[in-house]
Amino acid sequence: MPPYIGEHLFPGQAGYFLIIVSLVASLIASVAYFKSANSVLQSDADSWKRMARIAFVVDAVSVMAVFGLIYYIISNHYFEYYYAYNHSDKSLNPGYLLSCIWEGQEGSFLLWAVWHGVLGMVLMRTAKKWEAPVLSVISLVQACLATMILGLYVFDFKIGTNPFLLTRQFFQDAPIFSDPNYLSNARMQDGTGLNQLLQNYWMVIHPPVLFLGFASTLVPFAYAVAGLWKKDFGGWTKGAVPWALFSAAVLGLGIMMGAAWAYESLTFGGFWAWDPVENASLVPWLIMVAGVHTLIIYNSTGHSLRATYFFFLLSFILILYSTYLTRSGDLQDTSVHAFVTAGINWQLRIFVLLFLLPSIFLFIRRYKQIPFIVKEESSYSREFWMFIGSLVLFLSALFIIVFTSLPVINKIINTNFTIGEDAEFFYNRIQVFVAILLGMLTAVTQYLKYKNTDKKYLIKKIGIPTLLALVISVCISYFGNVHYDTYGIGFLAAIHLALFAAVYSIVANTGYIWAGLKGKLKAAGASVGHIGFGMMLLGMLVSSAKKEVLSVNYMNPLNFGPEAKEKGVENLTLYQGVKTDMGKYWATYTKDTLDEKGKSTFFQIEMERKDGKDKFYVHPHLIKNTKGQEGVSQNPGTKHYLHKDIFTYINYASSVMDDKDTAQFRSQLLDIGDTMYYSTGYIVLDKVTLNPQNEKYAFGNADTAIAAELKIRSADGRNFLAMPVFQLQNNQPKYFIDTVFAQGLAVRLSRVSDRQLEISVKESSKLSPFVALKILQFPFINLLWLGTILMVTGFIMSIVRRVSLMKKIPA
């Protein structure tokens, strides 16, 4: 076979070489750091450490270079590479070219490894005596990630997937690749594109932040392993505090960025649907937050060190387990986020077990040696209730991960357990009580002192915030008309309790900054974070409980079918140019526009309040599916206010989704005054006119034309007129069809029979474009996003304070 023409092979060859370099360098770094940590002589330890540092830097630089080469291939549209062909096309905006990298499993593994490299180089400068054992663990994880993009076969076992695989290597038997000049073939001029749901600005920034969060959980894990390994059980805890706070902050931010993407891009009408992949990222965060609190307990009192070890080890293990869940294909039928299987399931299982078994074994073996205080904490101490809060987080995470893992459990024991069709309520009915407990604990615990607290002091300090929170929450419940009784009075009562807990957390922590800390904001990181948590909780509760469907439609609902999730009565049918009644609003579908690349159709919907106080436009759109899939996907359009969001999405659009017009005329003989019916109204033959002369017709007295004047009344009470005409010209019939676009009607006078007229009616969406539009209102949804910002800000404030305190401690 002669050489293939036009292929750019060097980037792929260089990239694969760098993958090998990364694997070898990370293994060398891990071994060298291990030898350094175990060396007796300082000179040997320093020598091994120098080698390890060089190897780790080589690994980090290699991984970053591989990432850069993949971007280079995608941005230059080198479709001879399967990764570029399968994940991109020429129509993508430059920003979305980055999203193409982490759409695939290989790119997301690579992004994860890039962040490990960055964090590792920071640790080289900051970890001091813990550098060797900590980076030995991190380097071993880097080696495992390098195998995920290796793309080798050992006998029948596949080790990783090569991101530099050529398209002709992937489709080896395709006839097109028998031609050395296959790149000139029309089929190779463009790729299959980026998944349409990922073509959103959130998917440019959300995955990097989320994977930084994933990567950051390795640092507390590595510190914990190092403490067990070196039998210095408490020496690592001070240095690990900023890293644990950083991990909780970044992973939490990444998760909420994903919630914002789901809110803006998906159409389930919310920000969290308890999707299995969402759950798989939430659970490690809950465990990490639990670990942060027990770590603070230990550094302040000496209690809870064993729990801290357990939580930090478990958090990273759950990151690995969530990686298996989302990449093994086990969740592809239950989640919109999951990857399809890439044939490396056994490798993913080994990845989990390689860190699960040794770390748990080491923890069990060293368990009795880990220092602990025999004396139990006072129930009036801060550390007691902080530990209870950590325990609540752990139990919440345990509940979520067990039921998220049902597809795996079913595979193992050959069962068919499910959580039912209403996943949201299944989880919410438990998590609402978790929210109540956490809200109350974050409100009260900071007023407690370590060791013990005087009861009178506590009552004095917490009394006013408690009373104030009770008054505010009652006002919200009563005047806010929170009557979410879909799941009964018991669940509604739980919602009201959770509202109180959320308000209590906000009020009490604000009061603590003022009274307990005397306004010292530098020390208020925990309180600010708790205020953010309370605000998030309040936003979740109010926006979900008060979510309202504005597009109620009992007049002319579309039938989406018995199996469809969408209900016709919750979708407004809007004909183009026709102002339609929608409760407090008028809604008008004004126009639709196809973007310049021919991929998305944007619909302009005018919304006007009936009292004239507001008028705005929303622009939901439909985007063509990629990867060879037929049809379109919805992308919502939202109008943001400070106190609410108006959320809209298209469930049907005749201009995009309708096939060729196959509607037929239906005829009926009518006398004057007779009535015929159509699907959403009726037609009355009012009178007959000879040779009509008006703004529409201009027949003369010599013509032979008959007009039927028809009165049309729709089911929603609107009246229309139509005047079809039948003319006999040169002994040949000629028809002048009249149309009523607002009703999708074409009306024809087909013939005259004795004293009756034959009126023919055709109902067709093709006559007038229309959309089925769902419109939701989310009140006070911005409390959720503002709370997220405050919570992350609280973490950052705590990091800054901890780092500044560490600098004051003599070496």
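Which residues in helix 11 meet helix 12? The tour returns to this point after an overview.

**The whole chain**

Display the full protein chain first. This is a predicted model. The chain contains 21 helices and 23 strands. Its C-alpha trace spans about 120 × 85 × 50 Å along the principal axes. Of the 811 residues, 54% count as buried. Among the contacts with a separation of 6 or more, 68% are made by residues 24 or more positions apart.

**Helix 11 and helix 12**

Select residues 276-301, which form helix 11, and residues 305-327, which form helix 12. In helix 11, the residues that meet helix 12 are Val277, Ala280, Val283, Pro284, Ile287, Met288, Ala290, Gly291, Val292, Thr294, Leu295 and Tyr298. Their partners in helix 12 are Leu305, Ala307, Thr308, Phe311, Phe312, Leu314, Ser315, Leu318, Ile319, Ser322 and Thr326. By type, the residues of this contact divide into 17 nonpolar, 6 polar and no charged.

Now turn to the geometry of the pair. Two packed helices are described by the angle between their axes and the distance between the axes. Helix 11 and helix 12 pack at an angle of about 165°, with their axes 8 Å apart. Angles over 145 degrees count as roughly antiparallel, and the two helices are therefore roughly antiparallel to each other. Helix 11 passes helix 12 in a left-handed crossing.

**Helix 1 and helix 2**

Move next to residues 10-38, helix 1, and residues 42-75, helix 2. Helix 2 has 34 residues and reaches 49 Å from its first C-alpha to its last, close to the 50 Å expected at 1.5 Å a residue. The axes of helix 1 and helix 2 come within 7 Å and cross at roughly 155°. These two helices are therefore also roughly antiparallel to each other. The crossing of helix 1 past helix 2 is left-handed. The residues in this contact divide into 23 nonpolar, 6 polar and 4 charged.

**His77, just after helix 2**

Follow the chain out of helix 2 and select His77. This residue lies in the loop between helix 2 and helix 3 (82-87). Its phi is near 55°, a positive value in a residue other than glycine. Is His77 buried, partly exposed or exposed? At 25% relative accessibility, His77 counts as partly exposed.

**Cys100, in helix 4**

Select Cys100 within helix 4, residues 94-103. Cys100 counts as buried because its relative accessibility is 0%. Leaving aside neighbours within four places in sequence, Cys100 is in contact with Ile74, Tyr83, His87, Ser88, Leu92 and Leu194. To inspect a pair remote in sequence, add Gln199: the C-alpha atoms of Cys100 and Gln199 are separated by 9.4 Å, although the two residues are 99 residues apart along the chain.

**Ser136, in helix 6**

Proceed to helix 6, residues 131-148, and select Ser136. Which residues does Ser136 touch, not counting those up to four places away in sequence? They are Ser30, Tyr33, Phe34, Glu131 and Trp229. Ser136 is buried, with a relative accessible area of 6%.

**Asn691, between two strands**

For the last stop, select Asn691 in the loop between strand 15 (681-690) and strand 16 (705-714). Asn691 has a positive phi of about 45° although it is not a glycine. With a relative accessible area of 14%, Asn691 is buried.

Definitions and conventions
Residues numbered from 1 in each chain as written. Predicted model: local features only at pLDDT ≥ 70, side-chain atom pairs only at ≥ 80, totals over all residues. Heavy atoms only, no water. Helix = DSSP H or I, 4+ residues; strand = E, 2+ residues; numbered from the N terminus. Expected span 1.5 Å × (residues − 1). Buried < 20%, exposed > 50% of the residue type's maximum accessible area, 1.4 Å probe, protein only. Contact = heavy atoms within 4.5 Å. Axes fitted to C-alpha atoms, helices over the stretch in contact; angles between N-to-C directions. Parallel < 35°, antiparallel > 145°, perpendicular 65-115°, else oblique. Left-handed = near helix turned anticlockwise from the far one by under 90°. Nonpolar A, V, L, I, M, F, W, Y, C, P; charged D, E, K, R; others polar.
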